[in-house]
Amino acid sequence: MSDRIFGLVGALLAIGYAFAAMQIEESFLSDVVGPKAFPLIIATVLGISSLVIALRPDASPVWPPLNRLAEIFAAVVVMILYAELLPEIGFIIATAFAAAYLAWRLGSSVLELVLVGLGTSIGIYAIFHLVLGLSLARGPFGF
Amino acid sequence: METLSALADGFAIALTWQNLALALLGCFLGTIMGALPGLGPSNGVAILIPLAFTMGLGPTPALILLTSVYYGAMYGGRISSILLNIPGDEPAMMTCLDGYPMAQKGLAGQALAISGIASFVGSFLATWGLVLLAPQLVKIALLFGPAEYFALFALAFMTLGGVSSTNQAKSAFAAALGLALAMIGVDTQTGVPRFTFGEVHLYDGLDFLVAIVGLFALSEVFIFLENRHGGADGDSTKLKVGRLTPPVSMIRETTPTMLRSSFLGFLAGVLPGAGASLGSFISYSMEKRLVDKKGTFGKGDPRGVAAPEAGNNAAAGGALVPMLALGVPGSGTTAVLLAVLLSLNITPGPLLFSQNPDVVWGLIAALFIANFMLLAMNIPMVGLFTRVLMVPPRILMPVVAMVSFVGIYGISGSSFDLLVMIGFGVLGWVLRKFDVPLVPIILGTLLGNTMENNLRRAIAIDNGDWFTLIDSPLAIGLWAVAIFGFVLPLIVGRRLKSSMRKKPHAEGSTKD
């Protein structure tokens, strides 16, 4: 069943892609093939393979229970927050929190997650910024 | 002779203090990454790419660092297979079969030593194979025109699913998805934006490094979150190594096995779509059929440890042949290495050998040196790496995630790229659930634009005649191989895969 849905989504994606390809503006200085042809070929392959997946599905994968899905979703939200807040609050603070969060959700104890958070952010800061000179995001405190 | 003098020049390049230090660092990090379950060669190399860039390395040193990681990971995978019965990466899966029983008999040290020697023999011979075979392949590749290149790329995609693929539709889907992503951005030939939906960030196209790190490294983090086997601690009672010197009789007994397996593994590496996992699988199966007369395979036979290790290390060397000579990688990790080369503005392929011989031969010489370093690290110092296995994933995975973020941010300094990477991480997780291979996606985003340019050039040369694609015997031959390679798994795939999967536990599902 999962594969049938996957195939349908893929087919819709292919149609959307083909549609977007048709919208590409042709330049007046185009070569013989033009910018549309190859994307349309790709859309065709994408569409056919999606249909085959939908028509000849494999056995369904084992989907995690809802709370596990929520877990992944929460991690994604934390990562998005991390990406957005990085330039605002600076590298060390943001990284310490994000790493500690992940360590917590993977089942570390309180002491461990504090250590993982601080260790990761300060360790990376020391190696990448102080030793290798990579410019990391600067927060209000300059780190 | 010409080849040997080129190789000598290569040694002159590789033997600088900086390059030696990088090779040493790469070997060390690679062995650790290989040994840790959850980090394999492809995601190991992927998260280290930013490191190579931030150190401001030139093409040759960067490649030396990253291919040492690649070779190192191939060595390291065996450590946890033997000690914990958990393969450190997919190619090391077969090593569990005899390695773990040997460890249970108290022969862990000897198993580690034999497999270390086998790894050395495999990759040493394969590096010689690379020296001899790659220049020959270059001579053929120089005959290629745009139409042949287009066919070659098609061949790479159609065979990439590999003979062990169970669902060719999913491989094709993955390749098309990768190509579709590559089309995003301004068209190089006419300058019109495509699939950018007005988003300025997308005009340059998607950075394939972002895609690689997201698909390989972040999706691994999600897999761990889903299963939360972060608590699986390395059990210290199992980590007794014991005597590290195998008796001479054991070495003598395993020598023919190593030689045969190296040859087979190398072959599996050179062929597109096979890669190291298949290399170790066929080496093991063949040895079992050939020499297992008393039924000792699977119960701790040293030959059963030597065969897959020689096989997968030889395949790692073999996979570099098409990557360097044709610019078409045959496995996940070589695809990642290709991404490195492309980001350094170096296009692998036949011209690389004439235009940048220093890169090619310096790299090959460094591989020889790295091999000796790895042998030294992996036998006397193996105790050091067994300690690393004690780090549980619940501590390792946050570090992996943060290093990925830092690396990508360090290259581009934009939050937008981080968001794209998270998107790819989620996509990678979903696709892995559906058993869609990730390597064709990477290859598609890497090669999409070159493939399209070759298509357009071929047709433009022939004034818009699409039949030019199947005009030369060479092109027809390539198409024939491509179609054969695509159809073959439909016939033998299911059987092969199921016998490979008999041993479950595959931790790193990013294939190599």
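1. In this predicted model, B:Asn345 is exposed, because 7 other C-beta atoms lie within 10 Å of its own, and a residue counts as exposed if that number is 12 or fewer. B:Asn345 is found in the loop that runs between helix 13 (332-343) and helix 14 (350-355) of chain B. Its phi is near 65°, which is a positive value in a residue other than glycine. As background for a reader new to such angles, most residues other than glycine have a negative phi.

2. A positive phi also appears at B:Phe195, where the angle is near 50° although the residue is not glycine. B:Phe195 has its place in the loop between strand 2 (193-194) and helix 9 of chain B. Is B:Phe195 buried or exposed? B:Phe195 counts as partly exposed, because it has 18 C-beta neighbours inside 10 Å, whereas a buried residue would need 20 or more.

3. Turning to the whole of chain B, there are 20 helices and two strands in this chain. Its radius of gyration is 22 Å, close to the 24 Å that the globule rule gives for 512 residues, so chain B is as compact as a globular protein of that length. The C-alpha atoms of chain B fill a box of roughly 70 × 50 × 50 Å along the principal axes, and 62% of the 512 residues count as buried. Of the contacts in chain B with a separation of 6 or more, 82% join residues that are 24 or more positions apart.

4. Chain A is divided into domain 1 (2-55) and domain 2 (66-131), and the C-alpha centres of these two domains of chain A lie 38 Å apart.

5. The contact between the chains takes 58 residues from chain A and 55 residues from chain B. On the side of chain A that touches chain B, the elements giving two or more residues are helix 1 (2-22), helix 2 (37-55), helix 3, helix 4 (91-105) and helix 5 (110-131) of chain A. Helix 3 of chain A provides the largest share, twelve residues. By class, this side of chain A has 38 nonpolar, eleven polar and nine charged residues.

6. One helix pair deserves a separate look. The axes of helix 3 (residues 66-89) of chain A and helix 9 (residues 208-227) of chain B come within 8 Å and cross at roughly 140°, and this crossing is right-handed. The contact is made by A:Arg68, A:Glu71, A:Ile72 and A:Ala75 on helix 3 of chain A, together with B:Phe222, B:Leu225 and B:Glu226 on helix 9 of chain B. Sorted by class, these contact residues comprise four nonpolar, no polar and three charged ones.

Terms used: Residues numbered from 1 in each chain as written. Chains lettered and ligands numbered in written order. Predicted model: local features only at pLDDT ≥ 70, side-chain atom pairs only at ≥ 80, totals over all residues. Axes fitted to C-alpha atoms, helices over the stretch in contact; angles between N-to-C directions. Helix = DSSP H or I, 4+ residues; strand = E, 2+ residues; numbered from the N terminus. Left-handed = near helix turned anticlockwise from the far one by under 90°. Contact = placed C-beta atoms within 7 Å. Nonpolar A, V, L, I, M, F, W, Y, C, P; charged D, E, K, R; others polar. Rg over C-alpha atoms; globule rule 2.2 N^0.38 Å. Domains from an automatic or database assignment.
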